[in-house]
Amino acid sequence: MNLILATLLTSAAAFAPSQVAQTSTALNAFESELGVQAPLGFFDPLGLLDDADQERFDRLRYVEVKHGRICQLAFLGNIITRAGYHLPGNIDTAGTQFDSIPDGWAAVGAIPQAGLLQIIAFVGFLELAIMKDVTGEAEFPGDFRNGSLDFGWDTFDEETKLSKRGIELNNGRAAQLGILGLMVHEQLGGTLPIVGDM
């Protein structure tokens with residue numbers, strides 16, 4: 001009987017929460033930053049911010065916002081073209097129409113080489129000249145207003161600004177996973193609800 005009781009107590013102790021010492025690390029420095037949300041809290045599984053300073057954090061946040069914006073456009077573009085909406089007219093002087101270009105990854109091989117070079121040059125131009133803080137007036141990483149575009153941002157109070165920035169971060173994170181999911185499912189084939197045939 002004593003053996004059974006001892007076994008039960010020891011197995012119950014295995015499920016009891018253990019005391020974890022609170023340590024002060026570089027990770028604790030960023031736990032109050034925008035985007036740290038439940039249920040994960042501060043999530044850095046690759047340790048990119050181990051021993052990082054604020055400048056490193058701001059650089060990674062800038063990259064996260066930029067990739068989130070690109071993925072939001074990519075996801076929306078993928079869904080719209082799969083729904084059958086294409087630009088009118090021709091993509092080149094040979095008469096290839098926009099609606100003859102297939103959806104998804106297949107479009108990369110179907111676009112004429114000169115068109116791909118134009119896309120790459122345009123993205124490079126945006127990256128080097130437009131989509132950055134040219135004037136040094138940015139309030140936060142990813143603020144590309146450069147003193148000219150406002151759309152009412154300066155009329156918001158600080159709480160609303162933080163809320164809108166948090167919404168953009170979450171939408172960008174969701175879009176990154178969304179476009180990844182669409183690309184994977186396209187390679188797998190089949191049919192998805194709303195999206196249709198892959």
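A salt bridge is a side-chain nitrogen of Lys or Arg within 4 Å of a carboxyl oxygen of Asp or Glu. In this predicted model, Arg-69 and Glu-168 form such a pair, and their closest N and O atoms are 2.5 Å apart. Arg-69 belongs to helix H2 and Glu-168 to helix H5, so the salt bridge ties together parts that are 99 residues apart in sequence. Both partners are partly exposed: Arg-69 has a relative accessibility of 24%, and Glu-168 has a relative accessible area of 25%.

A further link joins the side chains of Arg-82 and Glu-186, with 3.4 Å from N to O. Here too the partners come from helices H2 and H5, so this pair ties together parts that are 104 residues apart in sequence. Buried means under 20% relative accessible area; Arg-82, at 15%, therefore counts as buried, and Glu-186 counts as buried at 13%.

A salt bridge may also lie inside one helix. Glu-64 pairs with Arg-61, the closest N and O atoms being 3.1 Å apart. These two residues both lie in helix H2, 3 residues apart, which is about one turn of the helix. Arg-61 is buried, with a relative accessible area of 8%, whereas Glu-64 is partly exposed at 22%. The structure holds 10 salt bridges, and a network of them links Glu-139, Asp-143, Arg-145, Asp-154, Glu-158 and Lys-161.

The description now turns to open space. Rolling a probe the size of a water molecule over the atoms shows where empty space is left. The largest pocket has a volume of about 1700 Å³. It is lined by 39 residues, of which Leu-73, Ala-74, Gly-77, Ile-111 and Ile-119 are the closest to its centre. Helices H2 (54–82), H3 (106–110), H4 and H5 (158–188) each supply at least two lining residues, and H2 gives the most, with 10. The lining comprises 26 nonpolar, 7 polar and 6 charged residues.

The second largest pocket holds about 750 Å³ of space. Among its 24 lining residues, the closest to the centre are Phe-43, Asp-44, Arg-61, Glu-64 and Arg-173. The salt-bridged pair Arg-61 and Glu-64 is thus met again. H2 and H5 are the elements that give two or more residues to this lining, and the largest share, 5 residues, comes from H2.

On the surface, Ile-119, Phe-122, Val-123, Phe-125, Ile-130 and Met-131 make a nonpolar patch of about 550 Å². Ile-130 is found in helix H4 (residues 113–130) and counts as partly exposed, at 39% relative accessibility.

Key. Residues numbered from 1 in each chain as written. Predicted model: local features only at pLDDT ≥ 70, side-chain atom pairs only at ≥ 80, totals over all residues. Heavy atoms only, no water. Patch = residues over 30% accessible without salt bridge, like charges linked within 9 Å, V, L, I, M, F, W, Y side chains within 5 Å. Areas by Shrake-Rupley, 256 points an atom, 1.4 Å probe, with all protein chains shown as cover. Helix = DSSP H or I, 4+ residues; strand = E, 2+ residues; numbered from the N terminus. Buried < 20%, exposed > 50% of the residue type's maximum accessible area, 1.4 Å probe, protein only. 1 Å grid on protein atoms, 1.4 Å probe; cavity = no way out; pocket = protein on both sides within 12 Å on 5 of 7 lines; lining within 4 Å. Points joined across faces, edges and corners; volume = space filled by probe spheres on them. Nonpolar A, V, L, I, M, F, W, Y, C, P; charged D, E, K, R; others polar.
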